[in-house]
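Morning, everyone. One structure today, and I'll keep it quick. Have a look at it first.

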Amino acid sequence: MSEFHDLLVNRRSIRRFTPEPLSAEDVKQLLEAALLAPSSKNQRSVRLVAVDQPDTLKRLADCKPVAANAIAGAAMAVVVGADMTLSDPWIEDSSIAATLIQLQAEALGLGSVWIQVRDRYGFDGMPAEEYVQEALGMPDTLPVVCILAIGHPAEERKPAAVDKLKWEQVHIGQWSLR
Ligand SMILES: Cc1cc2nc3c(=O)[nH]c(=O)nc-3n(C[C@H](O)[C@H](O)[C@H](O)COP(=O)(O)O)c2cc1C
């Protein structure tokens, strides 16, 4: 198997992190991964906000009531959004960039998790997107897709079980009823 395949198998969502900060070189490579992402019509609609201040990380962790806690303990969060005026497939542009950041994190021996923001709601019913835009001073015209929580892993996850992959998701040649 290739090194890249190993990386895909070993990457698991990591939600607990050590307090160790990221090196400047790691931060650069993580952000570069997003900037290198393919984008529709090469419009590069993705917009990122990298955050490492503990107070801001805690604030972002409150963007929704469930499944956002990982942000509070992360060394860095990358808020992934897009300039939707540049590209109609801005969700795809942003998602590809976010995925590449996660793979780059794995390649650097870091852990990461995707925290969904788009179409999610906060404690008081406020859209999580609005909450994040307000917390970071982002324009309200700039949609937020997700926040990646990134850091040195403080938990071990088993690699994906390749022998349990659901091959029934895949149809070869044409769609077939099973
Ligand atoms: C679009 C998307 C939204 C997700 N939202 C969250 C989230 O809000 N909070 C969270 O803890 N994990 C979130 N995850 C991580 C998934 O729960 C995780 O990828 C899935 O359970 C598979 O586990 P693995 O990443 O370890 O393979 C999200 C992943 C994706 C791709």
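Let me start with a question: which elements each supply at least two residues of the lining of the largest pocket? The answer is strand 1, residues 46-51, and helix 3, residues 54-61. Keep in mind that this is a predicted model.

Stay with that pocket for a moment. Its space comes to about 220 Å³. There are 16 lining residues. Nearest the centre of the largest pocket you find D52, L57, A74, A75 and M76. Helix 3 gives the largest share of the lining, with three residues. Now the chemistry. In the lining of the largest pocket, 12 residues are nonpolar, two are polar and two are charged.

On to the second largest pocket. The volume here is about 160 Å³. It is lined by 14 residues, and N10, R12, I14, E106 and P153 are the closest to its centre. Which elements give two or more residues to this lining? Helix 4, residues 90-107, and strand 3, residues 111-116. By class, the second largest pocket has three nonpolar, five polar and six charged residues in its lining. Put the two side by side: 12 nonpolar residues in the largest pocket, three in the second largest.

Next, the ligand. What surrounds it? From the N-terminal end of the numbering, we have R11, R12, S13 and R15. Then come K64 and A67. After those, the run V113, W114, I115 and Q116, and finally R157. Sorted by class, that shell holds four nonpolar, two polar and five charged residues.

Some distances, please note them. In each case we go from an oxygen atom of the ligand to an N or O atom in a side chain. For R11 the distance is 2.9 Å. For R12 it is 2.8 Å. For K64 it is 2.6 Å. How much of the ligand does the protein cover? On its own, the ligand has 620 Å² of accessible area, and the protein covers 59% of that.

One residue to circle: R12. R12 belongs to the ligand's surroundings, and R12 is also among the residues closest to the centre of the second largest pocket.

Last, the whole chain. The protein chain has five helices and four strands. Along the sequence, the pattern reads α-α-β-α-β-α-β-α-β. In overall dimensions, the C-alpha atoms fill a box of roughly 50 × 40 × 35 Å along the principal axes. Why does the radius of gyration agree with a compact globule? Because a compact globule of 178 residues would have a value near 16 Å, and this protein chain has 17 Å.

That's my tour. Over to you.

Notes
Residues are numbered from 1 along each chain as its sequence is written. This is a predicted model: local features need pLDDT of at least 70, side-chain atom pairs count only at pLDDT 80 or more; totals for chains, interfaces and linings use all residues. Side-chain values use heavy atoms; hydrogens and water are left out. A residue is near a molecule or strand if one of its heavy atoms lies within 4 Å of it. A polar contact is a pair of N or O atoms within 3.5 Å; within protein, one must be able to donate a hydrogen and the other to accept it, and residues adjacent in sequence count only if both atoms are side-chain atoms. Accessible areas come from the Shrake-Rupley method with a 1.4 Å probe; for residues, only the protein chains shown count as cover. Ala, Val, Leu, Ile, Met, Phe, Trp, Tyr, Cys and Pro count as nonpolar, Asp, Glu, Lys and Arg as charged, and the others, Gly among them, as polar. On a 1 Å grid over the protein atoms alone, a cavity is a set of points where a 1.4 Å probe fits but cannot get out, and a pocket is an open set with protein on both sides within 12 Å along at least five of seven lines; lining residues have an atom within 4 Å of a point. Grid points are joined across faces, edges and corners, and a volume is the space filled by probe spheres set on the points. The radius of gyration is taken over C-alpha atoms; the globule rule is 2.2 Å times the number of residues to the power 0.38.
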